[in-house]
Amino acid sequence: MSLAALAQSDRAQQYLREAQRYNEEAEKYEREAQRLTEEAEKYTRQANKYAEEKDFRRSRMYTDWANDAMLKARLRLSWAKDARDKARLRMKWAEDAMKKK
């Protein structure tokens, strides 16, 4: 195997490792988004309970917390999408590097 072919193979392996790291990062963000979504649902249930009791101050407080948690969840999903896109790009680069062998 030529030195150039070995270098291409090393580059492809590097891209594959980077893709794996980005996929793991995306999974972490997706788990955080899931946890935040569940938290928002819990806050929403509590807000509804207080609204039924006519305690609108507490209802509003829990609604605000639910909205905040959902915003954070959407942000984490956006980060996850970016990480997945980067992983796909690295996979393409690895594939291209292997074709150049």
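A residue counts as partly exposed when its relative accessible area lies between the 20% under which a residue is buried and the 50% over which a residue is exposed. In this predicted model, E95 has a relative accessible area of 46% and is therefore partly exposed. The chain around E95 is described below, beginning with its overall form and ending with the residue itself.

**Fold and overall form**
- The chain is made up of two helices and zero strands as far as secondary structure elements are concerned.
- With a radius of gyration of 22 Å, well over the 13 Å that the globule rule gives for 101 residues, the chain is more spread out than a compact globule.
- Measured out along its principal axes, the C-alpha trace covers about 75 × 15 × 10 Å.

**Contacts and burial**
- Of the contacts in the chain that link residues at least 6 apart in sequence, 79% are between residues at least 24 apart.
- Buried residues account for 28% of the 101 residues in the chain.

**Surface and charge**
- The exposed area of the chain comes to about 7300 Å², and 51% of that area is supplied by carbon and sulfur atoms.
- The chain carries 25 positive and 19 negative side chains, while the centres of these two sets are 3 Å apart.

**The setting of E95**
- E95 belongs to helix α2, which covers residues 56–99.
- Although 83 residues separate E95 from A12 in sequence, their C-alpha atoms lie 7.0 Å apart in space.

Key:
Residues numbered from 1 in each chain as written. Predicted model: local features only at pLDDT ≥ 70, side-chain atom pairs only at ≥ 80, totals over all residues. Heavy atoms only, no water. Helix = DSSP H or I, 4+ residues; strand = E, 2+ residues; numbered from the N terminus. Buried < 20%, exposed > 50% of the residue type's maximum accessible area, 1.4 Å probe, protein only. Rg over C-alpha atoms; globule rule 2.2 N^0.38 Å. Contact = heavy atoms within 4.5 Å. Areas by Shrake-Rupley, 256 points an atom, 1.4 Å probe, with all protein chains shown as cover. Lys, Arg positive; Asp, Glu negative; His and termini not counted. Charge placed at Lys NZ, Arg CZ, Asp CG, Glu CD.
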